Amino acid sequence: MNVRLPRVRPAVATSVAGEAPFDTAVQSRHPVETPLLEVRHLSATYEERRTRLPVLVDLSLTTADGEFLALIGPSGCGKSTLLDVIAGLIEPDQGEVRLHGVPTAAAQRLGRSAYMPQRDLLLPWRTTLANAALALEVAGVKRRQARAVARERFAEFGLAGFEGVYPAQLSGGMRQRVAFLRTVLTGRSLLLLDEPFGALDALTRTAMQAWLVGLWERERQAVLLVTHDVDEAVFLADRVLVLSARPGTVVHEERVALPRPRRRSLVAEPTFGNHRTQILDALGLLGERTDR
Ligand SMILES: Nc1ncnc2c1ncn2[C@@H]1O[C@H](COP(=O)(O)OP(=O)(O)OP(=O)(O)O)[C@@H](O)[C@H]1O
Ligand SMILES: [Mg+2]
């Protein structure tokens, strides 16, 4: 079955309508070795008028609970489409997506993960605090309570004192942190982050990576992070999956053997350099492949 798309993007960073998020009670009923997320032999095709555009083909991956997985691949290879499928916004034509070992239809995945799409999608007419609390409010939490919960975490997200300002008055890095806060506040144990730092300058990006790795090392939610930046992937992730050009499929898996907590000084380590080389090679950016 092909997908005919209206590309549906959620109106807010998370899609929450009426679906139960993962919670510890649910997780504890499953054996620990069951992966949080399994994508099996997934294929997706966009069909417009009479043109078929295969975007993903036979793509498989798994994510353990609490794992940080990075996805890297050329522009247009289907990374955002993959996150859309996992979030339940698109039904693939083939393959399946399992959550805690249970096969799911797209509609059943809506609201099960916290999705931060490629653009931060802050609402310009809402204050920083109101934007941060939005996903909770959409999930049915009373406005006052949602905002109180959000307000408590403003300092941790480097936003203290900016509760009452509007997105246009924030820097790019701050906007991203508001979007992160909104995503994290859902309490879901799977975060889907689509190039969260793509629009930031190099210095802000480096600072935000350090900030995110610190946040993750405290919270340990499972993360699927899409990035174009090899160093970002190695610095943040436990594993990096390299995707081929469209139609995207996994062509390489790199297990990152760097200690945690991650420190910026690790980028100078030979291990870091080796991982970078392997990934660049898998991306075909070092000339001839050495392992094929
Ligand atoms: N709604 C849509 N209808 C038809 N084709 C689409 C639609 N959305 C994306 N595509 C096409 O599908 C392919 C994959 O798009 P996708 O956004 O998933 O790529 P990506 O890997 O996220 O790219 P980037 O790294 O540039 O964000 C592209 O060729 C794109 O033009
Ligand atoms: Mg994309």
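In this predicted model, the buried residues of helix α8 are Arg205, Met208, Gln209, Leu212 and Trp216. Seen down the axis of α8, these buried residues fall within an arc of 110°, so they line one face of the helix. The face turned away from that buried side carries the exposed residues Leu203, Glu217 and Arg218.

The helix that presents these two faces runs over residues 202-219 and has 18 residues. From its first C-alpha to its last, α8 reaches 25 Å, which is close to the 26 Å expected at 1.5 Å a residue. α8 is followed by arginine 220, a residue whose phi is positive, near 55°.

What, then, covers the buried residues of α8? The cover includes the strands β3 (68-72) and β8 (222-227), together with the helices α7 (172-184) and α9 (230-236).

Of these elements, α7 can be followed in further detail. Two packed helices are described by the angle between their axes and the distance between the axes. For α7 and α8, that angle is about 30°, and the axes lie 10 Å apart. Because angles under 35 degrees count as roughly parallel, α7 and α8 are therefore roughly parallel to each other. α7 passes α8 in a right-handed crossing, and the contact is made by Gly172, Gly173 and Gln176 on the side of α7 and by Thr204, Ala207 and Met208 on the side of α8. Met208 thus links the two parts of this description, being listed among the buried residues of α8 and also among the residues of α8 that make the contact with α7.

Note on methods:
Residues numbered from 1 in each chain as written. Chains lettered and ligands numbered in written order. Predicted model: local features only at pLDDT ≥ 70, side-chain atom pairs only at ≥ 80, totals over all residues. Helix = DSSP H or I, 4+ residues; strand = E, 2+ residues; numbered from the N terminus. Expected span 1.5 Å × (residues − 1). Buried ≥ 20, exposed ≤ 12 C-beta atoms within 10 Å, placed from the backbone. Arc of directions from axis to C-beta. Contact = placed C-beta atoms within 7 Å. Axes fitted to C-alpha atoms, helices over the stretch in contact; angles between N-to-C directions. Parallel < 35°, antiparallel > 145°, perpendicular 65-115°, else oblique. Left-handed = near helix turned anticlockwise from the far one by under 90°.
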